[in-house]
Amino acid sequence: MSSVVTIHRGATSVVLDLESSMPALAHIGAAIEGFDPRALSLPVAKATLDAPAPIGILTENGTGFLGRPGLVGSRPDGSAWAPVFSRTGAEIESDRARFEMIDTVAELSLVIDVAVTEAETVVGSMTLTNNGSTDFTLVRLSASIPMPVHATELISFTGRWCKEFQPRRHDFEALSVIENRRGRTSHDQLPAIFAGSIGFGEHHGDVWGVQLAWSGNYEIAAERLADGRRHIQAGELLSPGEVVLSPGASYRTPDIVVAPSQSGITPASQRFHRHVRALNPLAGERKVILNTWEAVYFNHDLTTLRALADAGANVGVERFVLDDGWFGGRRDDTKGLGDWWVSEEVWPDGLSPIVDHVTSLGMEFGLWVEPEMVNPDSDLYRQNPHWTLTTAGYEPVLGRQQLVLDCGRADVRDYLFERIDALLEEYAISYLKWDMNRDLVQGSNQRSLDDPGRAGTHGHVVGVYDLLDRIRAAHPGVEIESCASGGGRVDLEILRRTDRVWTSDCNDALERQAIQRGFTMLFPPEVMGAHIGPHRAHTTHRVQALGFRTATALFGSLGIEWNLLDAEEAGLAKVAAAIALYKRLRPLLHGGDVIRFDHDDPSASVHGVISSDREHAVMAYVQMLASITTVPLPMRFGGLDPDRRYRVDVIDDLGSADEFGRARPEWMALETIEFSGRQLMASGLQPPVLHPESVFLMELRAV
Ligand code: GLA
């Protein structure tokens with residue numbers, strides 16, 4: 001028997017090959033009894049090195065690995081640039097392993113942790129320590145997950161403001177790199193990738209989802225070697241000099257989280273969802289929110305906001321969130337950030353008049369903040385210009401007229417903690433919308449205005465985590481929403497300390513269908529802020545029917561971002577019906593398994609949520625554009641229990657299915673109708689003819 005250890009949980013096992021000093025991940029997926037990596041031992045080709053190097057968890061140039069090395073760095077004299085580690089210890093438990101490694105020449109030690117979680121994701125991290133007597137400058141510490149050679153395709157995510165979470169499929173080429181330098185998770189280079197077998201879909205194919213849990217800069221490489229082997233390598237992207245380990249100091253990588261599946265993307269997504277649910281102490285059903293941003297923007301007027309709160313309470317809203325504009329000189333987006341005192345100009349009696357009104361209506365009160373930022377036109381900046389992440393001698397690059405505060409500094413964090421804590425103490429605030437509205441550029445952590453400093457993104461991100469942790473420890477019941485110009489900071493590490501994300505500033509339901517579908521590939525629906533916007537979407541100017549808007553928002557963490565005072569009676573009644581439906585379905589929507597289907601007609605999208613016992617499901621057939629066929633194609637559902645029968649009820653509470661046919665499919669006319677799970681999965685169910693921008697909703701119950 002070769003030297004292997006297997007760790008496992010549930011149906012997921014990880015085989016670690018210990019043949020070489022550096023452990024390698026030989027298999028991640030369903031258990032394979034007696035897995036022996038020697039089956040894949042490589043022959044030696046001519047004109048190559050004498051012994052093929054393994055793809056260890058840390059790839060090492062010094063062992064003959066010719067792809068991307070996992071560790072890049074050096075000492076001031078240029079030494080220690082190509083370490084090779086020897087294993088000195090291992091602790092193995094049934095579901096986790098820790099390996100201790102040392103390089104006595106480079107004077108570095110490394111600890112590798114791998115664990116299978118209850119969500120059946122695999123989590124790994126590495127910690128590097130400088131044992132030498134000189135500094136070690138670290139440029140890269142990234143772990144490698146080998147992929148089988150039949151993982152020939154990749155899906156990565158791109159996007160932009162108002163069009164986030166756009167999956168794109170491409171070949172597993174020689175080298176593809178996701179490189180993010182925005183200083184926040186970004187709209188366009190997500191720390192996530194799926195690799196899979198040819199043509200892998202929602203319910204077929206071998207799939208490995210990989211996410212890096214980090215909210216700053218990162219690089220994820222998918223590399224195919226000359227011998228055909230391949231790996232995904234992920235870690236933080238460090239700027240030169242950003243992390244310098246003094247003697248005795250350590251650096252720990254962000255977690256890499258892998259979700260394997262032998263039956264397509266949907267089961268891998270479900271594992272990521274369970275992973276997030278386990279991270280979050282406040283996990284569970286999310287309240288219905290009314291956010292004031294698109295309703296009033298910066299026009300804070302107590303009478304209007306009270307009336308808006310009344311209208312919200314009347315339709316069933318549970319939490320009222322006062323957005324930007326309540327503090328300092330913040331009457332528009334050019335000034336005031338940093339001055340976290342309630343503005344006497346707009347709120348002469350403080351926030352109590354609105355907080356008390358909201359809570360008297362039985363709703364919770366939430367408040368918008370953007371703690372990491374400062375406008376040059378603010379008292380905070382005038383007093384502490386050296387608190388920003390800028391570089392002495394250069395004109396700083398502004399974004400939305402603002403600069404980033406260096407949250408790597410304890411005094412900055414103390415100031416922000418004191419301000420936020422004071423607000424949370426003074427008012428009955430149970431929710432913070434925590435925004436972050438610009439990319440970080442040339443950000444140095446200067447001690448004073450003429451100190452050149454060093455690249456400060458790493459320190460900033462660690463500091464933001466620390467600040468969030470402090471606030472959560474002091475106010476454990478307060479929920480926090482992560483926003484960064486919409487969905488610019490959504491990742492597995494920010495979701496450890498935030499409870500919801502603002503998915504996108506785009507409330508256009510057609511765009512939202514695609515954004516939300518991509519989002520659920522990575523994160524669970526209950527954290528996905530989804531708001532019913534106005535008739536004409538502010539960010540696209542498309543005009544959409546209310547039924548389409550409500551049926552789209554239903555599948556996330558529901559909210560309203562619309563001036564309800566402009567809505568007609570009939571519209572308000574429909575919003576109330578949507579909220580009532582959401583509340584009825586919420587245990588399923590926020591606790592069940594999201595399921596997406598591959599549909600043969602690209603003009604439609606089919607998705608739903610099914611309870612883990614397979615008894616109850618809600619499914620949506622979304623006619624996005626007009627179909628090329630005269631009637632829509634049947635929806636083939638997956639994930640049902642093949643041996644049970646399901647009663648199908650059409651949900652028409654929202655009026656979201658704008659029907660357009662001369663006659664409906666016969667099954668819809670029957671009083672009660674049931675089909676076997678096997679049939680619904682094999683040949684499907686026929687939707688009626690629909691206008692574009694319609695959602696046909698169905699509820700399935702096992703009988
Ligand atoms: C960002 C957010 C919006 C809103 C504004 C306020 O753009 O994404 O939702 O909070 O800031 O300035």
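**Group meeting talk: a barrel, its helices and a small sheet**

Let me start right at a pair of strands: β23, residues 364-369, is joined by 5 bridges to β26, residues 429-434, and the two run parallel. If you want one spot to look at, find F365, which stands opposite I429 in β26. Before I go on, please keep in mind that this is a predicted model.

So where does that pair belong? β23 and β26 are part of a barrel, which 8 strands close in the order β21-β22-β23-β26-β27-β28-β29-β30. The pairing in that barrel is parallel. From one strand to the next, the twist averages 30°.

Now for the helices on this sheet. Helix α4, residues 352-360, packs on the sheet and touches β22, residues 319-322, as well as β23. The direction of α4 makes about 140° with that of β23. Further along, helix α9, residues 546-553, lies across β29 and β30. Those strands cover residues 528-532 and 557-560, respectively, and α9 runs at about 165° to β29.

Next, let's look at how helices pack on each other. I have three pairs for you.

The first pair brings α4 back. Which helix comes within 10 Å of α4, axis to axis? That is helix α3, residues 302-315, and the two axes cross at roughly 15°. An angle under 35 degrees counts as roughly parallel, and that makes α3 roughly parallel to α4. Their crossing is right-handed. On the α3 side, the contact is made by L302, L305, R306, A309 and D310. On the α4 side, you will find P353, I354, H357 and V358. By character, the residues of this contact of α3 with α4 divide into 6 nonpolar, 1 polar and 2 charged.

The second pair brings α9 back. Helix α8, residues 509-520, packs with α9 at an angle of about 20°, and their axes are 9 Å apart. That makes α8 roughly parallel to α9. And is the crossing left-handed or right-handed? Here α8 passes α9 in a left-handed crossing. From α8, the residues in the contact are A509, L510, R512, Q513 and Q516. They meet F548, R549 and T552 of α9. The residues of the contact of α8 with α9 divide into 3 nonpolar, 3 polar and 2 charged.

The third pair is α6 and α7. Helix α6 spans residues 410-426 and helix α7 spans residues 457-474. They pack at about 30°, with 10 Å between their axes. That makes α6 roughly parallel to α7. α6 passes α7 in a right-handed crossing. What does α6 bring to this contact? R413, D414, L416, F417, I420, D421 and L424. Facing them in α7 are G463, D466, L467, R470, I471 and A474. How do the residues of the contact of α6 with α7 divide? There are 7 nonpolar, 1 polar and 5 charged.

Let me leave the barrel and show you another sheet. This one is open, made of 4 strands in the order β10-β17-β16-β13, and the pairing is antiparallel. Which strands are at the edges? Those are β10, residues 143-147, and β13, residues 175-180, each pairing on one side only. On average, neighbouring strands of this sheet are turned by 10° against each other, direction ignored. Within the sheet, β10 pairs with β17, residues 230-236, over 5 bridges in the antiparallel sense. If you would like a residue pair to zoom in on, A143 stands opposite A234 in β17.

One more residue while we are here. R181 has its place in the loop between β13 and β14, the latter being residues 192-196. Beyond its sequence neighbours up to four places away, R181 touches N217, L237 and L440. The C-alpha atoms of R181 and N217 are separated by 5.0 Å, although the two residues are 36 residues apart along the chain.

Finally, let's zoom out to the whole chain. It has 11 helices and 36 strands. The radius of gyration is 27 Å, close to the 27 Å that the globule rule gives for 703 residues, so the chain is as compact as a globular protein of that length. Along its principal axes, the C-alpha trace spans about 75 × 70 × 40 Å.

That's my tour, thanks for listening!

Key:
Residues numbered from 1 in each chain as written. Predicted model: local features only at pLDDT ≥ 70, side-chain atom pairs only at ≥ 80, totals over all residues. Heavy atoms only, no water. Axes fitted to C-alpha atoms, helices over the stretch in contact; angles between N-to-C directions. Parallel < 35°, antiparallel > 145°, perpendicular 65-115°, else oblique. Left-handed = near helix turned anticlockwise from the far one by under 90°. Contact = heavy atoms within 4.5 Å. Nonpolar A, V, L, I, M, F, W, Y, C, P; charged D, E, K, R; others polar. Pairing = 2+ DSSP bridges. Rg over C-alpha atoms; globule rule 2.2 N^0.38 Å.
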